[in-house]
Every structure is written in C-alpha cells, then in structure tokens.
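I opened this structure to look up how some of its helices are placed, and I kept my notes in the order in which I looked.

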Amino acid sequence: MTVEEGVYIPETGINYPEDNPYERLVAPVYDRHIVFDEHYPYLDDSLSFRIQNWIGYNLVLYPLVFTLNHIRFGLRIRGREILKKYKKEFKNGAITISNHMYRLDCPVVLEAVRANRHTRIPMYAANFNTKDNWFMRMVGGIPLPENMAALKKFNAAFDEFHRRGWWFHIFPEAARWDFYKPLRPFRKGAFTMAYKYGMPIIPCVITYRERTGIYKLFGKPSQPLLTVTIGEPVFPDKTNSRKDEVDRMRTEARQRMEKMAGITHNPWNIVPDEEL
C-alpha cells in the first residue's frame with residue numbers, strides 16, 4: 001500500500017491476514033443461544049422495543065458513547081456539508097457505508113450523519129449471542145441470517161424500513177480489523193440494496209491521526225485518534241441493469257473512500273477474488 005505524504009498509518013502490532021480479507025480476527029465470548037430463523041423479530045414494533053430503542057439513542061448513544069469516542073479517540077468529523085447539500089435527495093433514506101475498523105466504529109458514523117433511532121444496521125448474527133446483544137439491538141442492529149426462510153423475513157423487514165423512509169448503515173468489508181489502513185474488498189450487499197430501493201450510498205471513511213498531547217492519557221499509542229469523513233453520495237441508475245449498477249456503485253464508492261483516506265495504491269481488489 002502507498003499513501004499520500006503525511007497520511008498516518010498506525011503501528012498496531014496486529015498480524016493482519018494477507019489472503020482472506022473477511023477473516024474474523026476478534027473472538028467474542030458467546031453467552032447465550034438465540035436462533036435466527038424465520039421466527040426471529042427482524043421487524044419489532046413492540047412497545048418494549050420502541051422504548052428501549054429510544055433509550056438506546058437518547059440516553060446511551062448520544063450522551064455516553066459519542067462522548068466516549070471524543071474523549072478517547074479525539075473524534076473529528078468532516079464533510080457534514082454533504083448532508084445539507086443533498087438534504088432533498090436523502091429525505092426518503094440513504095445508506096451509509098464505511099470501513100470496519102473498531103468496536104464502536106458504527107456509532108462514529110451514526111454521529112457523523114446525525115442518525116436517529118430510525119436507522120437499521122445489518123450485522124453478523126453470531127455477535128448477537130454476546131454481552132453486546134442489548135446495545136446492538138438498541139442502536140438498530142438486525143442479525144443477518146443464513147437460511148432462506150429467515151432471509152425472506154429479513155428482506156421483508158427491510159422492505160418495510162425503506163417504506164418508512166429509514167436510513168441503513170452497512171459495513172461492506174464484513175469483518176472488523178482493528179485500526180487497519182487499507183480498504184478491503186467490498187461485498188455487494190449494500191449496493192444491491194441501494195439499487196433495489198433506489199437509495200443513495202453515502203461513502204464514509206474513518207482515518208487515523210497520531211495519538212498526541214492529552215489524548216495519550218486515554219489510550220495506548222497503538223490506538224490512533226480518529227477522523228470520519230463523509231463523501232459525495234453515489235446514486236443508483238435504475239435504467240441500467242442491477243449487475244452493472246452494483247459493479248459501478250461499488251467501484252465508485254471504494255474509489256472515493258480511497259481518495260478521502262489518502263490511499264494512492266491499495267493492495268486489495270475492490271471486489272472479492274471469488275467474483276473476479
């Protein structure tokens with residue numbers, strides 16, 4: 001990988017894989033056994049969930065988690081003028097995407113775009129069987145199932161979320177690699193969804209700054225400070241075929257994210273090897 005002059009690459013001491021960009025490097029502790037089949041409430045309109053969803057955003061995410069990210073990682077946000085520029089185009093919902101590089105990176109993007117509790121986030125289903133279950137659900141996480149009957153219910157839920165004009169956030173890299181600099185190959189799910197619903201993709205990229213000054217008190221030197229940048233949206237063209245548009249949007253989004261990250265040569269392809 002090569003980057004523009006002045007771009008900071010953290011020394012994490014992590015041995016990142018060189019052959020499988022979707023290898024899961026974090027080994028969570030599973031303390032429950034939830035079955036993600038067609039009976040799971042992918043669309044939960046119960047009073048209990050709506051109250052907890054409100055609590056999650058208004059009493060946990062905004063006052064606590066966002067504050068933690070600013071104190072611990074000196075979070076900076078750039079590109080919010082994009083949200084104003086395309087306010088009309090985002091009125092009926094949009095899909096934010098970003099690199100997946102930190103346990104609380106999803107809240108980083110949610111804060112950047114000023115998300116509200118009407119945001120839904122497809123997530124790796126197994127992680128809902130950990131102590132993070134409540135937090136993942138309350139910020140809008142929806143487990144991504146694998147069997148066909150459950151996928152139909154999952155898709156029906158997102159059909160309804162879109163009908164309501166809600167926003168989605170998706171990590172096209174799928175697996176989390178802590179503080180990794182290159183952008184890994186993008187799976188096509190976010191772009192297929194954008195084409196299906198006619199929703200714009202908002203590429204966001206989280207980049208790193210050297211931990212300096214008072215921030216040395218709040219984290220290890222191997223944990224950099226963070227900046228999230230919001231990029232120009234990519235819009236689907238429904239007059240073209242789905243395959244062509246998914247390929248185009250995926251390529252444009254990755255290229256814009258690389259430019260925002262200051263990456264001039266990326267060692268990973270834009271699409272996974274199995275799709276080439």
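The entries below cover a helix pair, a single helix and a loop residue.

I note that this is a predicted model, in which local features need pLDDT of at least 70 and side-chain atom pairs count only at pLDDT 80 or more, while totals for chains, interfaces and linings use all residues. Residues are numbered from 1 along each chain as its sequence is written, and side-chain values use heavy atoms, without hydrogens and water.

Entry 1, a helix pair. I looked up α5 (residues 148-163) and α6 (residues 189-197), whose axes come within 12 Å and cross at roughly 55°. That angle makes α5 oblique to α6 (neither under 35 degrees, nor over 145, nor 65 to 115). Looking at the contact (heavy atoms within 4.5 Å), I found N155, F158, D159 and H162 of α5 meeting M193, K196 and Y197 of α6. By class, this contact has three nonpolar, two polar and two charged residues.

Entry 2, a single helix. I checked the length of α7 (residues 242-261): at 1.5 Å a residue its 20 residues should span 28 Å, and the end C-alpha atoms, 28 Å apart, agree with this. Its buried residues (under 20% relative accessible area) include E245, V246, M249 and R250, and among the elements that cover the buried residues are β3 (95-97) and α6. After α7 comes G262, with a positive phi near 75°.

Entry 3, a loop residue. I found T130 in the loop between β4 (119-124) and α4 (133-138), and at 5% relative accessibility T130 counts as buried. Leaving out residues up to four places away in sequence, T130 touches P28, V29, Y30, D31 and R32.

Technical notes. Axes are lines fitted to C-alpha atoms, for helices over the stretch in contact, and angles run from 0 to 180 degrees between N-to-C directions. Helices (H or I, at least four residues) and strands (E, at least two) are DSSP runs, numbered from the N terminus. Ala, Val, Leu, Ile, Met, Phe, Trp, Tyr, Cys and Pro count as nonpolar, Asp, Glu, Lys and Arg as charged, and the others, Gly among them, as polar. The expected span of a helix is 1.5 Å times one less than its number of residues. Buried means under 20% relative accessible area, exposed over 50%, partly exposed in between (1.4 Å probe, protein chains only).
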